[in-house]
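Could you walk me through this protein with a handful of exercises, each with a worked solution? I am new to the structure and would like to take it step by step.

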Amino acid sequence: SYYDTVTEIRSEMHHDIIGLEPGEERHEVIGRDGADLVGRVMLPPDPEIVMNKCDIWVFNVDARRNGSVNHVTLSPDGSFRCSNLPVAKHEIQILVSVAGEQFPTARYTQKIVITPERFVGKSSTDPIDLGEIQVGPIE
């Protein structure tokens, strides 16, 4: 019947093949799309900070070759939300920019790494919370 055909197509769409070498481990969360990531960057008292040029770059380390990068900007209070990150190891690069002569220039930074274990039990309604994040000068 038509309904059986649709069920088979849906099953095919959700089928992933995972190949592992002997002794290799891989942690997978099945049946979820990922989790949101939230935090608040504690901005230094610098009057030259350009809020619309304060960036959070989130790199999926496991899929970097495929261009898996998320970019979000900070809210005026320093908070941010990156939605629906897949379960993977991610490197987070925070860049806080100040006014430059022609273009804003990054002056403060912080790098954070999150591992797949941080995703356990997390979702969009219960996000991974990085809390308050301190940034330091770029050296």
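Below are six exercises on this predicted model, each followed by its solution.

**Exercise 1. The overall plan**

Find out how many helices and strands the protein has, and in which pattern they follow one another.

Solution. Start by counting: there are one helix and eight strands. Next, read along the sequence, and the pattern is α-β-β-β-β-β-β-β-β. Now turn to the whole chain: 29% of its 139 residues count as buried. The accessible surface is about 9,600 Å², and carbon and sulfur atoms hold 50% of that surface. Finally, look at the contacts with a separation of 6 or more: 68% of them link residues 24 or more positions apart.

**Exercise 2. The five-stranded sheet**

Work out the strand order of the sheet with five strands, and say which strands stand at its edges.

Solution. A reminder helps here: strands of a sheet pair through backbone hydrogen bonds, either parallel or antiparallel. In this open sheet the order is 3-2-5-6-8, and the pairing is antiparallel. The edges belong to strand 3 and strand 8 (136-137); each has a single partner strand, so one side of each has no neighbour in the sheet. To see one pairing in detail, take strand 2 and strand 5, which run antiparallel to each other over six bridges. For a single bridge, pick N60: its partner in strand 5 is H90.

**Exercise 3. The three-stranded sheet**

Describe the sheet made of three strands: what is its order, and is strand 1 parallel or antiparallel to strand 7?

Solution. First the order: the three strands form an open sheet, 4-1-7, with mixed pairing. Strand 4 (79-85) and strand 7 (128-134) are the edge strands, each pairing on one side only. From one strand to the next, the twist averages 15°. Now look at strand 1 (residues 35-42): its pairing with strand 7 is parallel, over five bridges. One pair to find in the picture is R40, which stands opposite E132 of strand 7.

**Exercise 4. The nonpolar core**

Name the residues that touch the most other members of the largest nonpolar core, and find the strand that gives the most to this core.

Solution. The core has 24 residues, and those touching the most other members are L37, I56, F80, I92, I94 and L130. Then ask where the core residues come from: strand 1, strand 2 (55-60), strand 4, strand 5 (90-98), strand 6 (105-114) and strand 7 each supply at least two. Strand 5 gives the most, with four residues. As a close-up, follow I56: leaving out residues up to four places away in sequence, its contacts include V41, V72, F80, I92 and I94.

**Exercise 5. Buried or exposed?**

Decide whether V72, I128, S75 and N84 are buried or partly exposed.

Solution. The cut-off needed is this: a residue is buried under 20% relative accessible area, and exposed over 50%.

- V72 sits in strand 3. Its relative accessibility is 14%, so V72 is buried. Beyond its neighbours up to four places away, V72 touches C54, D55, I56, F80, R81 and C82.
- I128 belongs to strand 7. With 1% relative accessibility, I128 is buried as well. I128 and V38 are 90 residues apart in sequence, yet their C-alpha atoms are 6.2 Å apart. Among the contacts of I128 outside its four nearest places in sequence are A35, L37, V38, I114 and F119.
- S75 lies in the loop between strand 3 (69-73) and strand 4. Its value is 30%, so S75 is partly exposed. Its C-alpha atom is 8.9 Å from that of R40, a residue 35 positions away along the chain.
- N84 is in strand 4. At 43%, N84 is partly exposed.

**Exercise 6. Two details to check**

Determine what is unusual about the phi of N84, and how many disulfides the structure has.

Solution. Begin with the background: most residues other than glycine have a negative phi. The phi of N84 is near 55°, a positive value in a residue other than glycine. For the second part, a search of the whole structure finds zero disulfides. Two cysteines can still be placed: C54 is buried, with a relative accessible area of 0%, and C82 is buried too, at 2%.

How values were computed:
Residues numbered from 1 in each chain as written. Predicted model: local features only at pLDDT ≥ 70, side-chain atom pairs only at ≥ 80, totals over all residues. Heavy atoms only, no water. Pairing = 2+ DSSP bridges. Axes fitted to C-alpha atoms, helices over the stretch in contact; angles between N-to-C directions. Buried < 20%, exposed > 50% of the residue type's maximum accessible area, 1.4 Å probe, protein only. Contact = heavy atoms within 4.5 Å. Areas by Shrake-Rupley, 256 points an atom, 1.4 Å probe, with all protein chains shown as cover. Core = buried A, V, L, I, M, F, W, Y, C linked by side-chain atoms within 4.5 Å. Disulfide = S-S within 2.5 Å.
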